[in-house]
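User: I would like to learn how to read the overall form of a protein model, and then one helix within it. Where should I begin?

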Amino acid sequence: MRNPFIFALVAIAMLFMMPSGANADSPPADNSRSQAAAAGWTMAGANPQRTSWTPEEIPGALSPLWYKKFEAYIPPRVQIIADNNTLYISTANGLYALDATTGAEKWVYPTEMPLGHSPTIANGVAYVGGLDHKLHAVDANTGQGLWTFEADAGFETNPLVVGDKVFLGNRDGYFYAIYAQGSPQAGTLAWKFKTGGAILYSAAYNNGVVYFASNDSYAYALNENTGGLVWQSAKLPGAGFTSWWPVVYRNRVIFAGSNNYRTSITPGAGTQITELELTDVYPNHKNEPRGTYVGPTGTEPGDWAAGTTTIDTGKSSGTTVPITEYFEQKPYRRTVFVLDAATGAEITYDFDGDGKKEYAPFLWVGTHSGTRYPPVVGGDDVLYQSNNYMSDAYIAGGNISGWKMDTPFISIPNGGWNAVDEPQAYSAGGNIIYWQRCCDRLAQAMDVSQPGTAWSYFTYDLDSKLPGYNSMYWNPDANPPRNEYTTPYAVFGGRNGVYGFHADTNPPIPYNGKVYLHRSNAIIAFDGSKSTPTELPTAQIVTPPSANFSLKTTDALAAELEAEVQKIVDAGHLRPAYISHGIFDFRAKDTCGDDFASYFHNSSETLLTLTNAFPYLSAGLQAQVKTYLENELATYPPYTYNYIGWAGASRELFDLPDDVQATIGDFGPQQENYTFKNNNGWGRNPFMFYALWKYADTFGDAKTLFDAAKNRLESPPADAELLKRPFEHNAFIAGYQGYLGLEKLAGYPETTAIRNTLNHLLSLRAANFTADSAYGDAGAGNREAYCRTLNVASNFMFLTPELADYLRANAAGKVQAAVAEYERVAPFWFVTFSETGFAENSISPLYDSYGIFMAKALILQEPASTLKKYLDIPGFYRGDLYHLQKIMAVLERELGAPQATTFFMEVSPAQQVVDAGGAAQYTVTLTPLGGFNAPVTLSLAAQPAGLSASFNTGSLTPPGSAILTVTDLQGSGSFQLQINADGGGVSKSVPVSFSVATQKVYLPLVMR
């Protein structure tokens, strides 16, 4: 076994011998031990290499010492950060600092919008990103704000602080390097790097290189000083990278990923990923003894302790398929990626010598969506990660296993069973690995230097050890003595909540003789004192200052709308969006709704969204959209097909698994959702009539459309069913409104029975509007339990302006109260696909962000300045119709009905950083609206001394673009430039920034 202290000294020496920049010719040395030897757990994953290891060992069966509940929501992915005898906790309402010894509050840094991830503590400063688009630098001792840096979207990653820079990715797709406190340029941009997707995966660092993954499905390595690309990996399988980080291990970088299988529906495998691997790896699982190992056992020598039980995953135990053979046959199912740190190439093997690639032997462990928990590096320098290695008749088991890198051997440092669909989180201190299982079920520790040595902190009894610790969560089955508070249906905030605890989770944090956990929105300290635990006063929400950040201009939003619609037109017909929300996928097919996990499967949503966008678009794009809609209506008329099938271009960036892709063509259009209809729903969504009405009002042909569709209007279900499913109630109201509107456009007299039914639906809706969910609570036999996923969305799905007007007139107070309740229980509601999902799911559905936003815009008529704060990124690369509708809601609040003759102006990028004497270019794009066709003159409001600036053309007639080139003449400075555009009686201006990076001289470090 390696001595960690000696290993640290060697790593430090190697660090000082290496150049500061990236070396693409040889793999970087692993200096994880030197970085990890800091005083505390100063960042998520403990150190820049994200090994989740510190030297401190805290052995023994610890007991709770004190616990403190938080009123503000703490996302399960957030780790407790410990340094300077202080615990730092990121919440949806700001950053909290607690005394690590007593749990007493030291200070609160309140924020109006949620923080995105854990803070990082460096040199007395806490750095934390927020959904207010800002990186916050906060005095770690006093809680006083020092400065903020603003990006174009929210930060949801844990900052990495190395030298004079802070590194972190953003939802806008850029990776940022920002000068840290103490630098002369503190709080300003050093450089940024653009990827093709949102960055929700924190970065790791080693020897001048920063490593991270983007949701374009690529891993990246960048030079820390310049932001230059060292390498970009091949495209990786799965559904992207969220919540966690890569781990630098020796000369490799390990990326824990996700699987891209929807749960128990088609297209997809028609079952769960855990069932797929159970069937393929343990084909005899129904007949063999529970706990049969995946391969033959032994005591293979390795860096682990002598005598540790090992499994050869490259061989069968007699009834099993070796893990290496399984991934050889189905590589698209691998979820752990081992990349060469120097080149980004994925490391593959051929243990059986058949010439086919094999991969690291880690099967899936985790819930049914999101990203699996990353590995840790133990004190024995072994890579440890949750793994599946035991058979079962129904759900395979496993636990934390070590890996002898570049071999098929894994170690089993401790026995015990963990069902592979129950997420674990773990950390390491010295030779101890600390871990806990989701849903507050258990927490333990084991000593890897002494195989079989383990201690328990709690086992399905935390509620009896800490009465009321979980009162911030609503637990539907908390009926002692069954202790079913650990079932997956518990949610934050009350019965209407939607944030569960069976997906992302956080590990025990060892620090200063104690181990800290946060479970069910409480911070808990464990030690060996065996004293009676103390309940501390609840940490209250503190009133924050306003989230003051730059909001998108009307012109920028109009340009974004134009660009997003152009993506759709360029791609042609789009299939439904493919994404997983865990077990909700299965229930959303016909129990909780009409294939709600297959977004935009009904063509009426496309017809309505693009029809509503039409007036805001340029003349050229309007012509394309008209043709596009005519083709959609001719091929997939909503009065014929309720479900468009799976032909067409994808909306998402992620590749489908090979076995899913092979069957995608088998799923054609469907006329009705017969099962949902039998469950008191509809066969064809009545909302189609509303879409057809608006389409005909813009493009004509109302009589043809009405005659084709009129017999497809279904009768609403019984009132009791409508009150149970507000989304269904809304859809029938929209459908009956649309029917009458289309009927009138077609020249027919109004059908009295339809009007009477509509009036009844409206009065029933307003009179019975409530924030409270009507879905069943939980229980094995309750098919509706997962419908609670829609608790905060259902009231506002299929909302139309007409229904909004009615509710504002007749139920405004109820709506206001409901929105306030939903914002409290779901504070990340505006975040597209936030990692806060209900029950066995990590990824929240789009309906939350869409529904509440439209309620604010249409019913409550909140001002555009408020709505803009809640505009997040699209959920898909193209074709997120809800995002387009949110943009249009803001434009209408600002412009009214889009009738004006004007032009929109957008400048990209908004900021540029150059070296001394360098030049940068800005693209100025003008887009006409309402037939604008006058020439427009471009100019700068003023040209600061020390710069030269010129346009490649001084005038253009929209649509069109011009290039502004700005050159530094004096070698330093930051400048604000204002670009003006004037013509046709319209004047526009857009500010941009131009900065010159200060040159630095690096002296060699001399050790004495």
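Analyst: We go from the whole chain to a single helix. The model is predicted. The protein chain has 20 helices and 47 strands.

User: How does the radius of gyration of the protein chain compare with that of a compact globule?

Analyst: The globule rule depends on the number of residues. For 1008 residues it gives a value near 30 Å, and the protein chain has 29 Å, so the two agree. Along the principal axes, the C-alpha atoms fill a box of roughly 85 × 75 × 65 Å.

User: What percentage of the residues is buried?

Analyst: Buried means under 20% relative accessible area. In the protein chain, 64% of the 1008 residues meet that cut-off. The accessible surface is about 32800 Å², and carbon and sulfur atoms account for 50% of that area.

User: What share of the contacts joins residues at least 24 apart?

Analyst: Counting contacts between residues at least 6 apart in sequence, 66% join residues at least 24 apart.

User: Where do the mean positions of the positive and negative charges lie relative to each other?

Analyst: They are 3 Å apart, for 66 positive and 94 negative charges.

User: How is a helix such as α6 checked for length?

Analyst: In an α-helix, a turn takes 3.6 residues, so residues three or four places apart point the same way. For length, use 1.5 Å a residue: the 18 residues of α6 (residues 554-571) should span 26 Å, and the end C-alpha atoms are 26 Å apart, which agrees.

User: Is α6 largely enclosed or open, and what follows it?

Analyst: Helix α6 is largely enclosed by the rest of the structure, because 13 of its 18 residues are buried. G572 follows α6 and has a positive phi, near 85°.

Conventions:
Residues are numbered from 1 along each chain as its sequence is written. This is a predicted model: local features need pLDDT of at least 70, side-chain atom pairs count only at pLDDT 80 or more; totals for chains, interfaces and linings use all residues. Side-chain values use heavy atoms; hydrogens and water are left out. Helices (H or I, at least four residues) and strands (E, at least two) are DSSP runs, numbered from the N terminus. The radius of gyration is taken over C-alpha atoms; the globule rule is 2.2 Å times the number of residues to the power 0.38. Buried means under 20% relative accessible area, exposed over 50%, partly exposed in between (1.4 Å probe, protein chains only). Contact means heavy atoms within 4.5 Å. Accessible areas come from the Shrake-Rupley method with a 1.4 Å probe; for residues, only the protein chains shown count as cover. Lys and Arg count as positive and Asp and Glu as negative; His and the chain ends are not counted. The place of a charge is taken as NZ of Lys, CZ of Arg, CG of Asp or CD of Glu. The expected span of a helix is 1.5 Å times one less than its number of residues.
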